[in-house]
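Please examine the sequence and the structure shown below before reading on. The explanation then proceeds step by step.

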Amino acid sequence: GTLSTCKNEVKSLGGESEIVLSMSDGSAVISKVGQPLYSFYGYQTAGVFATDAAAETAGKDGKALTNAIGVPFAAGDMHFVDQNNDGKIDKDDRVNLGSPLPDFYGSFFTSVEYKGIQLSLTFGYSKGNKMYNAVRRSMESMSDFSNQLTSVNRRWMAEGQITDMPRAVYNDPMENSRFSDRWIEDGSYLKLKKVRLTYQIPLNLSWLRGLSVWGECNNVFTVSKYTGSDPEFSAGNGVLYQGIDAGYLPQNRNFNLGVTIKL
C-alpha cells in the first residue's frame, strides 16, 4: 500500500520542541532534539491480558485500564503501557519505539583467482535499524474479513490463555492493532548481494586482448531476524519513509550470463 503524511503535531516540553508526523495508516514518527530523526512513535505493549481480573486491576490505583473514551480493556486485549499513569490509554502514552536509521551500514567484497578462474563475492549489511512491518500489521489485525497470516491461529480465545496475539473482534473497537511496538522489528541484516564466476579464456591473438565468459547471481541470500520479505527496502526516497515495509515487491533473485571481449 501507499503511505502519506496526514498531519503533524508540534509540542514544546520544558523548552525542547518535538514534531510528530502521523501517517495515513495511524503510524507516526517523531523528531526531537537529542534523538534520531524520524524515529517511530507509538504505544509500548506488555503482552495480552489473559484474564478479566488482570485487565480490571491494570489501571491507576489498581482499577481497570481504559481506552481514551473510558471503555475498559478486557481479557484478550493488548496490555498497552500507561506511561503517564492516568489510568487510560491515549496518545499521551506514545513513546519513541526506535529509529529506522542504522548504527552503521555498508558493503564489502572479496575475490579469489586460480588459473584463469575468478570468484567474486559482494556483501551488504545494516546494523541497529528498526523496521515497521505494516504488512504484518494489516494481516494480523483480525478486524475484518480480509486474508490473515497463519500466526493469528494463536490468538486469545479463552479465559486464562497465555499468548502474544489478542482476540479477534470485528472492527477492532479497542484498537488492539494500533501502531505499537508489536509492529516494530529489528531490521539488521547481512546480504550476499552478488556472486560472479569468471573464466578467462587463454588466447594468443595479437588483435584480441582478452576473452572471458562469466555468470552471476544477484540477491543470493539474506541473514536477518526480520519477518518480512526483505529488510532492504523503504516506502519512499525521503528520510521520512525509511524503514517502512508497505508491501512493495522485494528485490528478486536473478541470474545473468555474459561474454567480455577486449579488443
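The paragraphs that follow treat the strands, a surface patch, a loop residue and the salt bridges in turn.

The model considered here is predicted. A suitable place to begin is an open sheet of five strands, whose order is 10-11-14-15-17 and whose pairing is antiparallel. Its edges are formed by strand 10 (104-114) and strand 17, each of which pairs on one side only. Neighbouring strands of this sheet are turned against each other by 15° on average, with direction ignored.

Within this sheet, strand 10 and strand 11 are antiparallel partners joined by eleven bridges. Two residues lie between the strands of this hairpin, and lysine 115 there takes a positive phi near 50°. Strand 11 is also joined to strand 14, again in the antiparallel sense, by ten bridges. One position in this pairing is that of leucine 121, which stands opposite valine 195 in strand 14.

Isoleucine 117 offers a useful point of reference, for this residue belongs to strand 11. Tyrosine 114 stands opposite isoleucine 117, while tyrosine 199 in strand 14 is also a bridge partner of isoleucine 117. Is isoleucine 117 buried or exposed? Its relative accessible area is 41%, so isoleucine 117 counts as partly exposed, a class that lies between the limits of 20% and 50%.

Isoleucine 117 also takes part in a nonpolar patch on the surface. The members of this patch include Val112, Leu119, Tyr199, Trp207 and Ile261, and the patch has about 1,100 Å² of accessible area in total. Strand 11 (117-127), strand 14 (189-201) and strand 17 (254-262) are the elements that give two or more residues to the patch.

Other strands pair elsewhere in the chain. Strand 12 (residues 130-133) runs antiparallel to strand 13, with three bridges between them, and methionine 131 stands opposite glutamate 185 in strand 13. By contrast, strand 12 pairs with strand 16 (residues 244-245) in the parallel sense over two bridges. In that pairing, asparagine 133 stands opposite aspartate 245.

The loop between helix 2 (134-139) and strand 13 (184-186) contains threonine 163. Threonine 163 is buried because its relative accessible area is 15%. Which backbone atoms does the side chain of threonine 163 reach? The side chain of threonine 163 comes to 2.6 Å from the backbone oxygen of arginine 154 and to 3.3 Å from the backbone nitrogen of methionine 165.

The last topic is charge. Side chains of opposite charge can pair when their charged atoms come close. The structure holds 13 salt bridges. One of them joins lysine 32 to glutamate 18, with 3.7 Å between the closest N and O atoms. This pair links distant parts of the chain, since lysine 32 lies in strand 3 (residues 28-32) and glutamate 18 in strand 2 (residues 16-23), 14 residues apart. Lysine 32 is partly exposed at 25% relative accessibility, whereas glutamate 18 is buried at 4%.

A further salt bridge connects glutamate 140 and arginine 136 at 3.1 Å, N to O. Glutamate 140 is buried, with a relative accessible area of 5%, and arginine 136 is buried at 16%.

Lysine 191 forms a salt bridge with glutamate 232, the closest N and O atoms being 3.0 Å apart. The two residues are 41 residues apart, lysine 191 in strand 14 and glutamate 232 in the loop between strand 15 (210-224) and strand 16. Lysine 191 is buried at 2% relative accessibility, while glutamate 232 is partly exposed at 24%. Both belong to a network of salt bridges that also links Lys193 and Asp230.

Technical notes:
Residues numbered from 1 in each chain as written. Predicted model: local features only at pLDDT ≥ 70, side-chain atom pairs only at ≥ 80, totals over all residues. Heavy atoms only, no water. Patch = residues over 30% accessible without salt bridge, like charges linked within 9 Å, V, L, I, M, F, W, Y side chains within 5 Å. Areas by Shrake-Rupley, 256 points an atom, 1.4 Å probe, with all protein chains shown as cover. Salt bridge = Lys/Arg side-chain N within 4 Å of Asp/Glu carboxyl O. Helix = DSSP H or I, 4+ residues; strand = E, 2+ residues; numbered from the N terminus. Buried < 20%, exposed > 50% of the residue type's maximum accessible area, 1.4 Å probe, protein only. Pairing = 2+ DSSP bridges. Axes fitted to C-alpha atoms, helices over the stretch in contact; angles between N-to-C directions. Polar contact = N/O pair within 3.5 Å; in protein donor to acceptor, adjacent residues only side chain to side chain.
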